[in-house]
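Student: I'd like to go through this one label by label. Can you show me the chain, and then I'll ask where the labels come from?

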Amino acid sequence: MKVTLLKPSDLGPGELEAWSELRSRDQRFDSPCFSSGFTLAVAQARDDIEVAILEADGAIRGVFPFHRVRRETAHPVGEILSEMHGIIAEPGLDWDPLALIRQCGLESWKFDHLLASQEQFQPFHRAIDDSAYMDISGGYDAYLAERRAAGSSVARNAARKARKMEREIGPLRFELHDEAAGTLLQLIALKKEQLRLQGFSDMFRQPWIGNLMEIVNRTETAGFSGLLSSLYAGDRLTAIVLNLRSGPVLASWIPSFDPAFSRYSPGLVLHLKLAEAASRQGITRIDLGRGENQMKTSLRSAGIPLALGAVEIGFVRRELTNAWYRARAIAHHPVFSGWPRRTATRLKNALKPVET
């Protein structure tokens with residue numbers, strides 16, 4: 001296997017066409033985060049992206065985009081904003097993860113949203129989580145019927161909350177793509193407040209994240225685009241989400257809501273209205289992301305297993321990563337809740353060896 005490293009700006013029509021062809025041959029790569037458009041967008045916000053081109057018998061057999069965050073350490077493209085990642089390779093291709101990262105001049109590649117079904121990486125898995133999704137391939141009505149058959153009252157509850165919101169605040173208005181000036185800045189402000197209330201660090205201290213959101217929001221190409229969807233009650237913005245779209249798949253990428261309206265579950269109402277509108281636009285699946293919360297549990301049709309771990313060369317690196325995942329297991333144990341969980345989470349974050 002020949003491996004050539006390129007900067008995204010050096011990718012030519014041949015590489016980009018091969019990338020698209022590889023995705024089309026394996027449905028596992030249909031997430032917008034696997035598209036070349038996502039990598040190119042991130043590359044506009046950061047200058048540390050590289051793409052490994054895997055060739056055999058004179059043809060491109062795979063692509064592996066990554067951040068080189070240190071000389072010999074890499075993260076997935078988009079880092080904390082990557083909803084799915086892995087090597088985009090043709091079915092049946094024989095490759096070795098350790099050999100690949102060596103050929104990329106790396107000693108470590110850390111992942112936390114890796115397709116668990118990529119069997120070559122399975123020896124490097126430290127934990128498996130689920131990424132929930134809404135299956136709207138049969139249309140919105142079929143989705144609601146499936147939810148009712150599964151015993152979920154999500155549609156009834158959302159309709160009740162929506163009526164209450166209209167009575168007490170004002171008429172609801174849903175925008176599939178909100179182009180009003182300043183709406184994206186409102187999303188950033190709401191997300192910052194949400195992270196603060198939940199005890200998480202402010203990701204917007206890293207300027208590239210806000211820049212990337214702006215780039216994605218104005219991107220509209222055949223293979224990748226951003227979609228800023230919002231829900232208003234009267235003239236008040238209650239919930240908003242910046243989505244990623246590639247073909248028939250939409251990823252609910254960065255959602256937030258105004259906590260002043262939390263009793264109305266505006267995020268839930270927004271996602272149901274999004275599903276209804278998206279189904280008419282040819283969308284068949286809406287990815288809700290890894291991790292659990294009440295909204296995802298209510299909306300989910302099924303999930304895609306994602307792995308956390310690292311491909312690493314060297315004993316010390318492996319042991320540091322193992323220590324961090326042991327701390328993570330403690331933080332996620334059911335015995336923890338409230339302040340014990342927050343304390344364990346701080347310990348986990350302190351032990352995490354390399355994270356931005």
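Tutor: Sure. Buried residues make up 52% of the 356 residues in the protein chain. Keep in mind that this is a predicted model. Its secondary structure comes to eleven helices and 13 strands.

Student: Why is Asn243 called buried?

Tutor: Its relative accessible area is 0%, and buried means under 20%, so Asn243 qualifies. Asn243 sits in strand β10 (residues 236-246). Among the residues it touches are Val216, Leu227, Trp253 and Leu274.

Student: And what makes Met134 count as buried?

Tutor: The cut-off is under 20% and Met134 has 0% relative accessibility, so Met134 counts as buried. Met134 belongs to strand β7 (residues 125-135), and its contacts include Tyr143, His271, Ile286 and Leu299. The C-alpha atoms of Met134 and Arg300 are 5.1 Å apart, although 166 residues separate the two along the chain.

Student: Why is Arg163 called partly exposed?

Tutor: Partly exposed covers what falls between under 20% and over 50%. Arg163 has a relative accessible area of 47%, so partly exposed is the label. Arg163 is in helix α5 (residues 154-168), and together with Arg156, Arg160 and Arg167 it forms a positive surface patch.

Student: How do you know that Asp202 and Lys192 form a salt bridge?

Tutor: Their closest N and O atoms are 2.6 Å apart, and the criterion is within 4 Å, so the pair passes. Asp202 lies in the loop between α6 (183-197) and α7 (207-217) and Lys192 in helix α6, so the pair ties together parts ten residues apart in sequence. Lys192 itself is partly exposed, at 35%.

Student: What makes Glu193 and Arg196 a salt bridge?

Tutor: Same kind of check: N to O is 2.7 Å, against a limit of within 4 Å. Glu193 and Arg196 are three residues apart in helix α6, which means about one helical turn separates them.

Student: Why is Arg196 called exposed, but Glu193 partly exposed?

Tutor: Exposed means over 50%. Arg196 has 53% relative accessibility, so Arg196 counts as exposed. Glu193 has 29%, so Glu193 is partly exposed.

Student: What makes Glu175 and Arg173 a salt bridge?

Tutor: The closest N and O atoms of Glu175 and Arg173 are 3.0 Å apart, and within 4 Å is what's asked for. Both partners are partly exposed, Glu175 at 27% and Arg173 at 38%. A search of the whole structure finds 20 salt bridges.

Technical notes:
Residues numbered from 1 in each chain as written. Predicted model: local features only at pLDDT ≥ 70, side-chain atom pairs only at ≥ 80, totals over all residues. Heavy atoms only, no water. Helix = DSSP H or I, 4+ residues; strand = E, 2+ residues; numbered from the N terminus. Buried < 20%, exposed > 50% of the residue type's maximum accessible area, 1.4 Å probe, protein only. Patch = residues over 30% accessible without salt bridge, like charges linked within 9 Å, V, L, I, M, F, W, Y side chains within 5 Å. Areas by Shrake-Rupley, 256 points an atom, 1.4 Å probe, with all protein chains shown as cover. Salt bridge = Lys/Arg side-chain N within 4 Å of Asp/Glu carboxyl O. Lys, Arg positive; Asp, Glu negative; His and termini not counted. Charge placed at Lys NZ, Arg CZ, Asp CG, Glu CD. Contact = heavy atoms within 4.5 Å. Lists of a residue's contacts leave out its neighbours within four places in sequence.
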